[in-house]
Amino acid sequence: MEAYLIVLIVIMTIILLAVNIYLLILYIHPDDKGWGSAVYCKILVILGLTLCQAQALMVPLDVANRSAVVNDALDMRAFWFFLYIIVLFFITILIPYAIFLYETDEEDPMCSRLLKALAYLAGAIIISVLILFISWAFFKYVDLPYDEVTLESTNLGTTPVTDPKVT
């Protein structure tokens, strides 16, 4: 197996996490200073940024892996699938739950806040799934009009093209 690619993946992940923690500290709102409030949301911001950057860095990793001479290179298809499943989980469950939890009343007990955010998440998932499946059922096929263009000559370049406006 390509050991240098695995080492590179680990090092780049650590660098991305460090950069994103620095960015969070640098651009955090003055009212949210420190790790005391909304820790769940801050962790999701760091991991979400890291996932976005990792998707961009997967392309050169895939190219480097394909150009490897060794037969037992990394299984990039499984790696891409794993990354996209994590992104899907973030987009559909973790980020909406964090938004709903962050918007609950801070004076309520934590258990009540967690359950209220979970109920809102369930409602959002049900509505999203209904919209997606209903639109898929009605719009999965489309008839696009098109004009067929045929090429009448295969002689493509023996005479130079001149502009009639130029004298």
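The exercises below concern a predicted model of one protein chain.

**Exercise 1.** Describe the secondary structure of the chain and the sequence separation of its contacts.

Solution. Begin with the element count: the chain has four helices and zero strands. Next, put the elements in sequence order, which gives the pattern α-α-α-α. Then take the contacts with a separation of 6 or more: 61% of them are between residues 24 or more positions apart.

**Exercise 2.** Is asparagine 20 buried or exposed, and which residues does it touch?

Solution. Locate the residue: asparagine 20 belongs to helix α1, residues 3–27. Its relative accessibility is 0%. The cut-off for buried is under 20%, so asparagine 20 counts as buried. Finally, list the contacts, leaving out residues up to four places away in sequence: asparagine 20 touches Ile46, Leu49, Thr50 and Gln53.

**Exercise 3.** Assign an exposure class to isoleucine 134 and state which surface patch includes this residue.

Solution. Isoleucine 134 is part of helix α4, which covers residues 110–139. The partly exposed class lies between 20% and 50% relative accessible area. Isoleucine 134 is at 46% relative accessibility and therefore counts as partly exposed. For the patch, Ile134 joins Ile126, Leu130, Phe138 and Phe139 in a nonpolar surface patch of about 610 Å².

**Exercise 4.** What percentage of the residues in the chain is buried, and what percentage of the exposed area do carbon and sulfur atoms supply?

Solution. The chain has 167 residues, and 20% of them are buried. For the surface, the chain exposes about 13400 Å². Carbon and sulfur atoms supply 71% of that area.

Note on methods. Residues are numbered from 1 along each chain as its sequence is written. This is a predicted model: local features need pLDDT of at least 70, side-chain atom pairs count only at pLDDT 80 or more; totals for chains, interfaces and linings use all residues. Side-chain values use heavy atoms; hydrogens and water are left out. Patches are made of residues with over 30% relative accessible area and no salt bridge: like charges are joined within 9 Å, nonpolar side chains (Val, Leu, Ile, Met, Phe, Trp, Tyr) within 5 Å. Accessible areas come from the Shrake-Rupley method with a 1.4 Å probe; for residues, only the protein chains shown count as cover. A salt bridge is a side-chain nitrogen of Lys or Arg within 4 Å of a carboxyl oxygen of Asp or Glu. Helices (H or I, at least four residues) and strands (E, at least two) are DSSP runs, numbered from the N terminus. Buried means under 20% relative accessible area, exposed over 50%, partly exposed in between (1.4 Å probe, protein chains only). Contact means heavy atoms within 4.5 Å.
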